[in-house]
Amino acid sequence: ISTLQMHKEEKHLVANNVVSTILETREEISTLQMRKEEKDLVANNIDSSISETREGISTLQMHKEEKHLVANNVVSTILETREEISTLQMRKEEKDLVANNIDSSISETREGISTLQMH
């Protein structure tokens, strides 16, 4: 009976050890699960940061393209203004020529009148 009692106690010790091992394993699994979840959160944060960075780059690219469009419009306006100035300059020169012709005609007419008066 004493031997049977010892075997029974040994079985209880083994059973307790098995239960302790199971509980420790569960704790380790739980710890590993928590670490995995933490890593998943970090990975999600990294993914979010990458997405936000891409959006920021896209926005900057759009702003850059908008600035290029504005710059091109400014250049076009400058060129158009230069053309208009050139056209106005040509018209002014034409008017100056007409005015000179009128002045010459007036001078010639005066000379003709003066000549006629002398006769």
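Here are four short exercises with worked solutions on the structure above.

This is a predicted model, where local features need pLDDT of at least 70, side-chain atom pairs count only at pLDDT 80 or more, and totals for chains, interfaces and linings use all residues. Residues are numbered from 1 along each chain as its sequence is written, and side-chain values use heavy atoms, with hydrogens and water left out.

**Exercise 1. Work out how many helices and strands the protein chain has, and how spread out the chain is.**

Start with the secondary structure: there is one helix and there are zero strands (DSSP runs, H or I of at least four residues for helices and E of at least two for strands, numbered from the N terminus). Next, take the radius of gyration, which is 51 Å, well over the 14 Å from the globule rule for 119 residues, so the chain is more spread out than a compact globule. That radius is taken over C-alpha atoms, and the rule is 2.2 Å times the number of residues to the power 0.38. Finally, look at the box filled by the C-alpha atoms: roughly 175 × 10 × 5 Å along the principal axes.

**Exercise 2. Find what share of the residues counts as buried.**

First, fix the classes: buried is under 20% relative accessible area, exposed is over 50%, and partly exposed lies in between (1.4 Å probe, protein chains only). Then apply them: of the 119 residues, 0% count as buried.

**Exercise 3. Find the salt bridges and explain how the partners in each are placed.**

Begin with the rule: a side-chain nitrogen of Lys or Arg lies within 4 Å of a carboxyl oxygen of Asp or Glu. The count is two.

- Step one: lysine 36 pairs with aspartate 40, with the closest N and O atoms 3.0 Å apart. The two are four residues apart in helix α1 (residues 2-118), so about one helical turn separates them. Aspartate 40 is partly exposed at 35%, and lysine 36 is partly exposed at 46%.
- Step two: lysine 92 pairs with aspartate 96, the closest N and O atoms being 3.1 Å apart. They too sit four residues apart in helix α1, about one helical turn. Aspartate 96 is partly exposed at 36%, as is lysine 92 at 48%.

**Exercise 4. Locate isoleucine 22 and say how accessible it is.**

Place the residue first: isoleucine 22 is in helix α1. Then check its relative accessible area, which is 41%, making isoleucine 22 partly exposed.
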